[in-house]
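Please look at the sequence and the structure below before reading on. The report is meant for a reader who has not met them before.

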Number of protein chains: 2
Amino acid sequence: MYVTIFSERSAKSCAPRVLEAPSKLPPVRLKAGRYLYHEGDEVQRIYRIGSGVVRLTRLLEDGRRQVISFGYPGDVVGFPAGGVHHTDCDVLVDTKLQPYRLTALRDGDGDPVLHQALLSSALNEISAMQDHFMMLGRKSAAERVASFLFVITERFGEDREGGRQITLPMCRSDIADFLGLTTETVSRSFTALRKSGVIALDGIQTVIVLDPKALQALSDGYAS
Amino acid sequence: MYVTIFSERSAKSCAPRVLEAPSKLPPVRLKAGRYLYHEGDEVQRIYRIGSGVVRLTRLLEDGRRQVISFGYPGDVVGFPAGGVHHTDCDVLVDTKLQPYRLTALRDGDGDPVLHQALLSSALNEISAMQDHFMMLGRKSAAERVASFLFVITERFGEDREGGRQITLPMCRSDIADFLGLTTETVSRSFTALRKSGVIALDGIQTVIVLDPKALQALSDGYAS
DNA sequence: CGGGTTCTTGACTATCTTCAACGAAAGTGG
DNA sequence: CCACTTTCGTTGAAGATAGTCAAGAACCCG
């Protein structure tokens with residue numbers, strides 16, 4: 001899950017991402033906190049997320065961390081390069097995963113539809129990551145946080161009176177490491193959005209977006 | 001071409017990137033300054049770069065630009081998402097390209113070796129982009145510039161007495177937009193590297209790396 | 001050689017980080 | 001179930017890094 005605002009065109013193009021193809025492998029269930037794989041592990045399977053949320057991270061020797069993406073239902077994680085995983089993947093919200101053999105990505109295991117679906121997921125991943133570059137390289141802290149909240153709201157928000165509500169399964173430092181910021185800066189951006197009436201907070205995890213248009217404008221860099 | 005320093009493991013895993021599979025399509029030659037495709041264009045072909053250098057860019061409405069990557073010989077560019085290109089691609093150095101049909105990515109056009117090679121390129125692209133996230137999200141300006149020069153030197157440097165020499169086909173603003181910096185900051189980082197004796201400059205485009213170890217150390221964040 | 005672009009450098013500013021303190025929430029053990 | 005401890009989140013003040021603005025130097029091209 002990347003959070004740059006898609007253009008009309010790219011949004012449309014990224015639509016066919018979910019696949020419900022059958023598989024010979026039984027689903028995997030993992031509790032919050034468990035790891036699906038670690039960086040350097042040999043790639044055995046790739047996984048489509050059925051329910052729950054996972055987190056993909058990379059570490060630098062000195063402890064600096066980058067959250068590569070959050071995996072939400074419909075996303076596919078675990079694409080290999082050179083036969084090994086290049087991120088850690090752990091579970092934020094109890095998760096049900098559909099595993100696929102690597103051969104399914106390579107040739108479909110005799111199922112052309114599955115093959116196409118997995119390939120499309122990989123290609124959409126490339127496109128989404130390109131969008132995320134713009135965020136990390138060229139957007140301000142306020143724009144990044146607004147983008148993050150806006151995209152999650154669009155994909156997973158539930159209508160409430162007065163706005164759309166989302167539950168954030170990740171902590172502030174996850175958001176910070178995803179957006180290339182510090183927890184303090186993320187926290188201050190949340191506060192600024194709250195004080196300007198764009199969002200309301202109900203506890204730490206629950207965000208109600210009161211003014212989606214303003215949030216979108218902020219995420220594109222148009223100061224409200 | 002992404003410029004984060006690969007770990008031992010990932011470096012090894014990214015080795016099999018070049019492919020020399022035959023194709024039914026004739027090679028394409030483009031002069032510097034010409035566009036291979038634009039954002040939004042329907043994807044007709046993907047291309048392996050035989051010689052030359054290309055540049056992939058994305059734009060924000062307000063003019064902010066992100067250089068997504070530089071395409072060097074052996075790299076594959078033009079991976080589609082939803083049937084359209086999501087970047088502009090133009091030529092920095094006169095280029096010879098080997099085009100492939102989309103069907104070659106999907107099923108190999110009856111050539112399993114080609115199919116595997118293109119798929120591997122796409123997957124390696126994902127891994128390389130994940131590394132680049134770390135750069136944009138978590139590295140300082142000095143580390144980014146050092147990483148950039150180090151990786152180009154490793155891949156394309158030519159031995160000279162007293163160091164390894166590279167020719168940069170892109171201008172400072174390209175480097176800046178690739179690393180998420182300004183041209184001034186890139187220029188200052190070059191100057192700092194020159195004054196500390198790590199590199200020498202011979203004109204604007206030619207860099208001689210005098211102390212590769214120091215450059216690598218700087219790129220990993222170990223102050224010299 | 002001349003004009004225009006690109007690069008470099010300097011001074012100043014803004015943004016984000018760092019450091020520190022405090023409060024709230026969550027986990028633990030009696 | 002409650003007190004204690006620990007972690008997480010927020011806020012403030014100070015500081016550092018990179019950006020902005022501006023001018024001059026180097027480079028490129030005709």
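The paragraphs below take up the interface of the two chains and then a sheet in one of them.

This is a predicted model, in which local features need pLDDT of at least 70 and side-chain atom pairs count only at pLDDT 80 or more, while totals for chains, interfaces and linings use all residues. Residues are numbered from 1 along each chain as its sequence is written, chains are lettered from A and ligands numbered from 1 in the order in which they are written, and side-chain values use heavy atoms, with hydrogens and water left out.

In chain B, 52 residues are in contact with 52 residues of chain A (contact means heavy atoms within 4.5 Å). The two chains bury about 4,500 Å² between them, 63% of it on carbon and sulfur atoms, where buried area is the accessible area (1.4 Å probe) lost on being put together, summed over both parts. B:Phe133, B:Met134 and B:Arg138 lose the most area to chain A on the chain B side, together 18% of what that side buries.

There are six salt bridges between chain B and chain A (a side-chain nitrogen of Lys or Arg within 4 Å of a carboxyl oxygen of Asp or Glu), and one joins B:Arg58 to A:Asp131 at 2.6 Å, N to O.

Chain B also holds an open sheet of four strands in the order β7-β8-β10-β9, with antiparallel pairing; strands (E, at least two residues) and helices (H or I, at least four) are DSSP runs, numbered from the N terminus, and two strands pair if DSSP finds at least two bridges between them. Two helices lie across strands of chain B, at angles that run from 0 to 180 degrees between N-to-C directions, with axes fitted to C-alpha atoms, for helices over the stretch in contact.

| Helix | Lies across | Angle |
|---|---|---|
| α4(B), residues 141-156 | β7, β8, β9 and β10 of chain B | about 100 degrees to β8(B) |
| α6(B), residues 183-195 | β9 and β10 of chain B | about 115 degrees to β9(B) |
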